[in-house]
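I set out to record what I looked up in this structure, entry by entry. The order follows my own path through the coordinates.

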Amino acid sequence: GPRVLLIDLDPQANATSGLGFEKTEGRSAYRALLGAESLADRIQPTAYERLDLVPSEIDMCGVEVELPQLDDYLLRLRLALEPLRQAPRHDIVVIDCPPSVGLLTLNSLAAADWLLVPVQCEYYALEGISMITRLVEQIRDSGANPDLRILGFVMTMHDARTKLSPQVAADVREHFGDLVFETVIPRTTRLAEAPSHGKAIIDYDPYSVATAAYEVLAQEVLERLQAAGLKWQAEPADAPPTAAGTPAENTSPAPDQPPAPASDPAPENSDQSTPAPDPRPPSTPLTPPAA
């Protein structure tokens with residue numbers, strides 16, 4: 001699969017803690033956004049062989065205050081990412097945005113090629129979708145990022161026991177059609193518990209329905225990116241093995257590297273004891289997002 005860099009720009013640092021990292025001052029993209037250092041210096045290996053992380057911290061809130069004082073303040077992340085584009089170590093860069101429309105989110109939209117929008121299956125999420133689509137149009141029309149496109153909408157926190165979740169999902173599909181991913185992420189107790197243990201759901205409960213849903217969603221995302229022309233280099237079959245969470249060019253473990261994911265059987269009281277069926281109908285074709 002592709003090598004992925006996850007940049008956590010959310011001051012709450014949920015993506016950071018969810019991967020088992022402490023919210024440590026001085027390890028975020030803060031200074032890189034201000035042009036004081038290279039973003040590459042903030043990249044940390046994770047417990048996953050093909051995933052690296054630029055962590056976040058609460059001090060990222062200060063970026064919102066300092067950025068307006070700089071030239072091209074909406075393009076600071078794009079400028080920081082440019083050296084990584086010129087000498088790519090990763091095939092895909094995922095930027096985790098704050099849950100609000102501030103300068104960090106605007107910088108993310110100005111730097112991204114595609115936007116993936118998680119949508120909670122609740123009423124107010126419908127209003128949020130309208131705001132996001134207008135914001136994408138404004139970013140394109142302003143010239144900050146004319147090529148920004150929506151990769152798709154992901155329905156999350158879906159509770160089939162209620163009438164509201166299926167209704168919200170149906171309304172979103174009616175308005176956005178093929179832009180909505182077929183996979184729906186369910187609301188489960190195990191999924192809610194996983195971050196408190198510093199683990200992704202695939203490690204906390206490998207056999208849960210949420211794990212199955214995220215695995216199918218990941219495949220959908222990759223298929224859409226491939227349909228849009230994104231390619232990545234397959235790892236040679238004779239390549240020497242590398243330690244989990246360690247880049248191929250450096251096999252010594254990082255001093256603050258989180259422990260490798262456990263390979264034990266599923267914890268007790270998991271959502272189900274056998275792998276969940278594919279949440280997506282097998283006959284549903286994937287359609288690349290509209291340009």
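**Entry 1: two helices**

Which residues in α6 meet which residues in α7? I note beforehand that the model is a predicted one. On the α6 side I found Tyr123, Leu126, Ile129 and Thr133, and on the α7 side Leu164, Val168, Asp171, Val172 and Phe176. I then looked up the geometry of the pair: the packing angle of α6 and α7 is about 25°, and their axes are 9 Å apart. Angles under 35 degrees count as roughly parallel, and α6 and α7 are therefore roughly parallel to each other. I entered the crossing of α6 past α7 as right-handed.

**Entry 2: the sheet**

I turned next to the strands. Three of them form an open sheet in the order β5-β6-β7, and the pairing is parallel. At the edges I found β5 (114–120) and β7 (180–186), each of which pairs on one side only. From one strand to the next, the twist averages 25°.

I looked more closely at one pairing. Strand β6, residues 149–158, is joined to β7 by three bridges in the parallel sense. Phe153 has Val180 in β7 as its bridge partner, and His158 stands opposite Pro186, also in β7.

Is the edge strand β7 largely enclosed or largely open? I counted five of its seven residues as buried, so β7 is largely enclosed by the rest of the structure.

I also checked what covers the strands. Helix α6, residues 123–142, lies across β5 and β6 and runs at about 165° to β5.

**Entry 3: the nonpolar cores**

In soluble globular proteins, nonpolar side chains tend to be buried together. I therefore looked up the cores of this model, with that tendency in mind. The largest nonpolar core has 44 residues, and those touching the most other members are Leu9, Leu33, Leu39, Leu81, Phe153 and Met155. The elements giving it two or more residues are β1 (4–8), α2 (30–33), α4 (76–86), α5 (103–111), β5, α6, β6 and α7 (164–176). I recorded α5 as the source of the largest share, six residues. A second core, separate from this one, has 18 residues, among them Tyr48, Ile92, Ile185 and Val221.

I then listed the surroundings of Met155. Setting aside residues up to four places away in sequence, Met155 touches Val119, Cys121, Val168, Ala169, Val172, Val180, Thr183, Val184 and Ile185.

**Entry 4: two single residues**

What does Ser108 contact beyond its neighbours within four places in sequence? I found Leu9, Leu77, Ile95 and Cys97. Ser108 belongs to helix α5. Its relative accessibility is 1%, and I count Ser108 as buried.

Gln120 was my second choice, a residue of strand β5. With a relative accessible area of 34%, Gln120 is partly exposed. Apart from residues up to four places away in sequence, Gln120 touches Ala125, Thr156, Met157 and Val168. I also looked up its separation from Arg187: the two are 67 residues apart in sequence and 9.8 Å apart in space, C-alpha to C-alpha.

I close with a cross-reference on Val168, which is among the α7 residues that meet α6, is touched by Met155 and is touched by Gln120.

Terms used. Residues numbered from 1 in each chain as written. Predicted model: local features only at pLDDT ≥ 70, side-chain atom pairs only at ≥ 80, totals over all residues. Heavy atoms only, no water. Pairing = 2+ DSSP bridges. Helix = DSSP H or I, 4+ residues; strand = E, 2+ residues; numbered from the N terminus. Axes fitted to C-alpha atoms, helices over the stretch in contact; angles between N-to-C directions. Contact = heavy atoms within 4.5 Å. Core = buried A, V, L, I, M, F, W, Y, C linked by side-chain atoms within 4.5 Å. Buried < 20%, exposed > 50% of the residue type's maximum accessible area, 1.4 Å probe, protein only. Parallel < 35°, antiparallel > 145°, perpendicular 65-115°, else oblique. Left-handed = near helix turned anticlockwise from the far one by under 90°.
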